[in-house]
Amino acid sequence: MDLPVAPPAFDATTGSGRRRRADLGADIGAGCGLVVLELIALVVVLGLWFLSGFDLDPAESAAPDPLWNYVAAVGGVGAFAGVAAAVAARAGAVVTVVGQTVVVGLVCAVVFGGVALQSHQDQRCREMPAATGCAGSGRGGSPLR
């Protein structure tokens, strides 16, 4: 004996096709994996900048490299996250879109903070060329003079 199947109580879809959405498990896995990889990339880039100012010789003071190249690398990570968010939005992967949007926001904060910091350092080097971290005081001068 076959029982009749009841129609859905409420269907908010528009059009004749069924809404397509990514599988939740794959969505969470992809979102978390991308966020972890991007955070590792950010830590590596900013760690390399930090290590550029680290010297084991106590007689020599080393200033870190200018941030411009490192800010460009961080911006590349942000561009990758933006493209990943667009692809995930097209696939209907909501969790990945949210994760990538958070990474884009973090990258924007790091890029704007880095640009402000390096611009301040460049201005200080223009006013006092002998200041720490300037080209006149040894290593670490700004290429934008």
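## Helix α3 and its cover

The buried residues of helix α3 are covered by parts of the chain that include α1 (24–52) and α2 (68–91), in a model that is predicted. Those buried residues of α3 are Thr96, Gly99, Gln100, Val103, Val107, Val111, Gly114, Gln118, Gln121, Asp122 and Cys125. Helix α3 itself takes in residues 94–127, and its 34 residues should span 50 Å at 1.5 Å a residue, which agrees with the 50 Å between its end C-alpha atoms.

One of the residues of helix α3 is Gly99, which counts as buried because its relative accessibility is 18%, and the cut-off for buried is under 20%. Its C-alpha atom lies 10.0 Å from that of Gly33, although the two glycines are 66 residues apart along the chain.

## The chain as a whole

The protein chain has three helices and zero strands, and its pattern, followed along the sequence, is α-α-α. It has 145 residues, of which 25% count as buried, and it exposes about 9,900 Å², with carbon and sulfur atoms supplying 68% of that area.

How many of the contacts between residues at least 6 apart in sequence join residues at least 24 apart? In the protein chain, the share of such contacts is 60%.

## Helices α1 and α2

In α1, the buried residues are Asp27, Gly31, Glu38, Leu42, Val45 and Ser52, and what covers them includes α2 and α3. The 29 residues of α1 should span 42 Å at 1.5 Å a residue, and the end C-alpha atoms of this helix are 42 Å apart, which agrees.

In α2, Tyr70, Val71, Val74, Val77, Gly78, Ala81, Ala84, Ala85 and Ala88 are buried, with α1 and α3 included in what covers them. For the 24 residues of α2, the span expected at 1.5 Å a residue is 34 Å, and the distance of 35 Å between its end C-alpha atoms agrees with this. After α2 comes Gly92, which has a positive phi near 80 degrees.

An α-helix has 3.6 residues a turn, so residues three or four places apart point the same way. This spacing can be kept in mind when reading the lists of buried residues, for instance at Val103, Val107 and Val111 of α3, which are buried.

## The nonpolar core

Which residues form the largest nonpolar core? Its eleven residues are Leu42, Val45, Leu67, Tyr70, Val71, Val74, Val77, Ala81, Val103, Val107 and Val111. Each of α1, α2 and α3 supplies at least two residues of this core, and α2 gives the most to it, with five residues.

Leu42, a member of this core and one of the buried residues of α1, touches Val74, Val77, Leu106 and Val107 when residues up to four places away in sequence are not counted. Among these partners, Val74 and Val77 are buried residues of α2, while Val107 is a buried residue of α3.

## A nonpolar patch on the surface

Val36, Leu37, Ile40, Val44 and Leu48 make a nonpolar surface patch of about 460 Å². Is Val44, a member of this patch, buried or partly exposed? Val44 is located in helix α1, and its relative accessible area of 45% makes it partly exposed, because that class lies between the limits of 20% for buried and 50% for exposed.

Conventions
Residues are numbered from 1 along each chain as its sequence is written. This is a predicted model: local features need pLDDT of at least 70, side-chain atom pairs count only at pLDDT 80 or more; totals for chains, interfaces and linings use all residues. Side-chain values use heavy atoms; hydrogens and water are left out. Helices (H or I, at least four residues) and strands (E, at least two) are DSSP runs, numbered from the N terminus. Buried means under 20% relative accessible area, exposed over 50%, partly exposed in between (1.4 Å probe, protein chains only). Contact means heavy atoms within 4.5 Å. Accessible areas come from the Shrake-Rupley method with a 1.4 Å probe; for residues, only the protein chains shown count as cover. The expected span of a helix is 1.5 Å times one less than its number of residues. A nonpolar core is a set of buried Ala, Val, Leu, Ile, Met, Phe, Trp, Tyr and Cys residues joined through side-chain atoms within 4.5 Å. Patches are made of residues with over 30% relative accessible area and no salt bridge: like charges are joined within 9 Å, nonpolar side chains (Val, Leu, Ile, Met, Phe, Trp, Tyr) within 5 Å. A salt bridge is a side-chain nitrogen of Lys or Arg within 4 Å of a carboxyl oxygen of Asp or Glu.
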